[in-house]
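Welcome to a short set of exercises with worked solutions. Keep the sequence and the 3D view open, and try each task before you read on.

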Amino acid sequence: MESTPYLTVDVEVLDRNLSDAADAAAASGLALRPHAKAHKCVEIARRQLELGAPGLTVATVGEAEVFAGGGCADLFIAYPVWATPARAARLRALAERATVRVGVDSAEAAALLAGTGAEVVVEIDSGHHRSGVHPAGAGELAAAAARLGLTVAGVFTFPGHGYGPGRQARAAADEAAAMRTAAEAMRAAGIEPGVRSGGSTPTASTSDSGALNEIRPGVYALNDAQQVELGTCGWGDVALTVAATVVSVAGDHLILDAGSKVLGADQPAWVTGGGRLPDHPGARVTALSEHHATVVFPPGAPRPARGEIVRVAPNHLCAAVNLADELVVVRNGLEIDRWRVAARGANA
Ligand SMILES: Cc1ncc(COP(=O)(O)O)c(C=O)c1O
C-alpha cells in the first residue's frame, strides 16, 4: 500500500483492547454489547462476538442489516428509531432473522414500531441532554409501549456528558442514579427492566454494575486521540491510525496529505488540535483543511522529513472510519489483510 492517506489497524493492539474490555466487563458482571458504529467492520464484530459479546449495538437499521448479514443474530439499535412504513418493513424483515431491540423515547415512536417484531428499550436522559425521557418517566412510557402490544425489554442511556476532561466519574454517577430511578419507575408500572444498558468508552471502566447489567462502548476497540486526551487510554492502546505523507515543509510547520476528508472534522473545544501524531506526542495538528493537516512541532523536537510517512490518530475514529472504504490491517508494521468498512454510510 504505497499511496497515502489510508487507515491502518494494528491487529495486536485491537485484539488486546477487545480482550481487556471483555475480561473487565466479565469481572464486573456486566454484559459487553459493543457499539459497532465505531468500526463498521464485520471482521471486528466477529472478534467481539467470539469474546463473549451477547450481540452488537448499532445506531441505524442500515447498520443492523449489515451486521445481521455478517452473522450477528442479536442487535440493539440504540437510537430513537422513527419507523416510517418503509423502515418498519425493513425492521420486520430483520426481526425474522435476528433478535432486534430498538430504542424508543416517545409513545408516538413506539406506535410506529408496533407489529414490527422488534422489542423496545426505553431511552432515558442521564445528563447528556440529547434524546431520552426523564428517568422518572420511564415507567409511563414503558406502560404506553406495552399497551401498544410491544415487548419492553428494558431501559438504556448514553452518558455522553462524560466526554470532557475530568467529567467521566460524574457522568458515570449520573448514569447510575438515573438508571436506578428509571428501573424503579418501570417496576412501579409493572414492567421488569431486564435490560439496563449504559456505558460509553470514557465511562466504561467506572460503570456501576449495581445499576446496569450491560455496557455499550464502541471506540474502546480501536481508540483515538480524544480518548488519549481524556486519559481513557494511552498511545499504546490506539489501534487505528491514518498513514499520511509529509508533503510540504514551511517555517515551523509541515503539511500532511490527510485532511478533514480522511481524519474527520470532529474537534470539540477541549481537544488540543485536529488529531495527534502518536510517534510525536509533542506535535499539534493546528489546522485541517480538506486535504491538508498543518502540524506544528515544539522547538528542537525531531520532525519527519518531506516524503516521510507518519501515523495520525484522528480525534474521533467513528467519523474517520465512516470516510474510508477499507482498513489496512497490519501486524508488526506489515500489511496482513484488508477489511471492508461494510457499514460505511449505512446511515438510514
Ligand atoms: C447510544 C450510544 N451508545 C453507545 C455509544 C458508544 O460510546 P463511545 O462512542 O464512547 O464508545 C454511543 C456513541 O456515540 C452512543 O451514541
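A polar contact here is a pair of N or O atoms within 3.5 Å. Keep in mind that this is a predicted model.

**Exercise 1. Find which polar atoms of Lys-37, Arg-216 and Val-219 lie by the ligand.**

Solution, step by step:
- Start with Val-219: a polar atom of its backbone is 2.9 Å from an oxygen atom of the ligand.
- Next, go to Lys-37, where a polar atom of the side chain lies 3.0 Å from a ligand oxygen atom.
- Then turn to Arg-216: an N or O atom in its side chain is 3.0 Å from a nitrogen atom of the ligand.
- Finally, look at the cover: the ligand on its own has 390 Å² of accessible area, and the protein covers 93% of that.

**Exercise 2. Describe the surroundings of the ligand: where does it sit, and which residues come nearest?**

Solution, step by step:
- Locate the site first: the ligand sits in the largest pocket.
- Now list the neighbours. There are 14 residues around the ligand, and those that come nearest are Arg-130, Tyr-163, Thr-201, Gly-218 and Val-219.
- Last, sort the shell by type: 6 of its residues are nonpolar, 5 are polar and 3 are charged.

**Exercise 3. Inspect the backbone at Pro-5 and Lys-40.**

Solution, step by step:
- Find Pro-5 in the segment before strand 1 (6-10).
- Check the bond that joins Thr-4 and Pro-5: this peptide bond is cis, with omega at about 0 degrees.
- Move on to Lys-40, in the loop between strand 2 (31-32) and helix 2 (42-50).
- Read its phi: Lys-40 is not a glycine, yet its phi is positive, about 55 degrees.

**Exercise 4. Work out how much helix and strand residues 239-331 contain.**

Solution, step by step:
- Begin with the record: an unreviewed UniProt entry annotates residues 239-331 as "domain: D-serine dehydratase-like".
- Read off the make-up: over residues 239-331, the chain is 10% helix and 37% strand.
- Compare the two ends: the end C-alpha atoms of residues 239-331 are 11 Å apart.

Notes:
Residues are numbered from 1 along each chain as its sequence is written. This is a predicted model: local features need pLDDT of at least 70, side-chain atom pairs count only at pLDDT 80 or more; totals for chains, interfaces and linings use all residues. Side-chain values use heavy atoms; hydrogens and water are left out. A residue is near a molecule or strand if one of its heavy atoms lies within 4 Å of it. A polar contact is a pair of N or O atoms within 3.5 Å; within protein, one must be able to donate a hydrogen and the other to accept it, and residues adjacent in sequence count only if both atoms are side-chain atoms. Accessible areas come from the Shrake-Rupley method with a 1.4 Å probe; for residues, only the protein chains shown count as cover. On a 1 Å grid over the protein atoms alone, a cavity is a set of points where a 1.4 Å probe fits but cannot get out, and a pocket is an open set with protein on both sides within 12 Å along at least five of seven lines; lining residues have an atom within 4 Å of a point. A molecule sits in a cavity or pocket if more than half of its atoms lie within 2 Å of its grid points. Ala, Val, Leu, Ile, Met, Phe, Trp, Tyr, Cys and Pro count as nonpolar, Asp, Glu, Lys and Arg as charged, and the others, Gly among them, as polar. UniProt positions are given in the numbering used here, feature names are shortened, and annotations may be inferred rather than shown by experiment. Helices (H or I, at least four residues) and strands (E, at least two) are DSSP runs, numbered from the N terminus.
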